[in-house]
Amino acid sequence: MNIQKKRTLSWVDIILTLASLEVMAYFYYGVRTLIMAGLCMAVSFVCDWIAVWFMKKKYVPDDLMSLADGLAIALMMPASIDFRIPMISCAFAVLVGKNLFGGRKNIIFSPCAVGYLFALTSWGNKILMYPSPDKKLEISAENAVLSHSLSYDFNNAGNISISDFDLLIGNFRGAMGTVSILLLIVSAFVLLFRKAVSAGAFTGVIAGMVFMAFIVPVSESRSESLKYIMATNMFLFSSVYIVSDKRVAPLNNYYAFFYGLFTAVTAYIIILTTAKENMIPAVSVIMTPVALLFKSIQLKADKYASEEKKGEINEKQNY
């Protein structure tokens, strides 16, 4: 199987796991979530196609990752959000976050993170208010009763009252595709097994959160702090689909591990000191220079190893 086909199959794997999260969102909130997902995917695809056409390049299967970016952004939104907000965010993510900064082969930011950060800074008061999952929404969402997320409660109180079962199945307030913890864990294992995401970056994020939860616990106990920090603040979702994005993370798992570690530690510190929600997407954008530095170090190391190998071959031939 050639490299192009492997990469294309990776995008398929990512889209399928995101689709499973969309099914859970539909189960909780109804058909409105499907409409939002479809609109976001359509906007992302059209914007990416236009950008590729404008740059006079050929549209290839790799570019279908824009569908996954659109679906991911939809899943990072409240189920009740005005459709125009995620659609505009998808357009910004693809046109600016992806194509303006590198394009297909040289992406430096996760488009999902850029799109979400754009929405958060533009419509923060709407992005961070959520409906309860115990009532399906009308398409207009006029029946939605909004309140703060579980992440908000945890970040400000340091402790929350919710059963482990509800926590695992995502029966709590939050972005519609980021709360299904059990399904996210399964998705992570699937994508790691299929090598669709960076194992080094994912391991680094987990290690960083475990380390910080035990060194500086947010809750009264270390175990509770670790459990809730991993279940809230888009932690698992961002770990899988943003920080571990192979387009952004260093290819070498050793360097990717430290990129993930630094991202997790920084996000934890911000949550601890400011109580701000969902900081990992924002921190992943801030950590772009770190990822680029590690990529540069890796390229230099690979170049040095290649030159050394050529030198050894030449010595053997001369001998």
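## Helix α10 and its surroundings

The buried residues of α10 are covered by elements that include α9 (181-193), α11 (222-231), α12 (235-243), α13 (253-274) and α14 (279-286), where contact means heavy atoms within 4.5 Å and helices are DSSP runs (H or I, at least four residues) numbered from the N terminus. The model is predicted, so that local features need pLDDT of at least 70 and side-chain atom pairs count only at pLDDT 80 or more, while totals for chains, interfaces and linings use all residues. Residues are numbered from 1 along each chain as its sequence is written, and side-chain values use heavy atoms, with hydrogens and water left out.

Helix α10 itself (residues 199-215) has 17 residues and reaches 24 Å from its first C-alpha to its last, close to the 24 Å expected at 1.5 Å a residue, that span being 1.5 Å times one less than the number of residues. Its buried residues are G200, A201, F202, G204, V205, G208, M209, M212 and A213, buried meaning under 20% relative accessible area and exposed over 50%, with partly exposed in between (1.4 Å probe, protein chains only).

## Helix α14 and the loop before it

Seven of the eight residues of α14 are buried, so this helix is largely enclosed by the rest of the structure; the buried ones are M279, I280, P281, A282, V283, S284 and V285. In the loop between α13 and α14 lies N278, which is buried with a relative accessible area of 3% and has a positive phi near 50° although it is a residue other than glycine.

## A second positive phi

Most residues other than glycine have a negative phi. M234, which is not a glycine, has a positive phi of about 55°; this residue is found in the loop between α11 and α12 and is buried, with a relative accessible area of 4%.

## Contacts of Y241

Leaving aside neighbours within four places in sequence, Y241 is in contact with I14, T17, L18, L21, L184, S187 and L191.

## L299 on helix α15

L299 is found in helix α15 (residues 288-318) and is exposed, with a relative accessible area of 60%. The C-alpha atoms of L299 and L251, which are 48 residues apart along the chain, are separated by 9.9 Å.

Notes:
Helix = DSSP H or I, 4+ residues; strand = E, 2+ residues; numbered from the N terminus.
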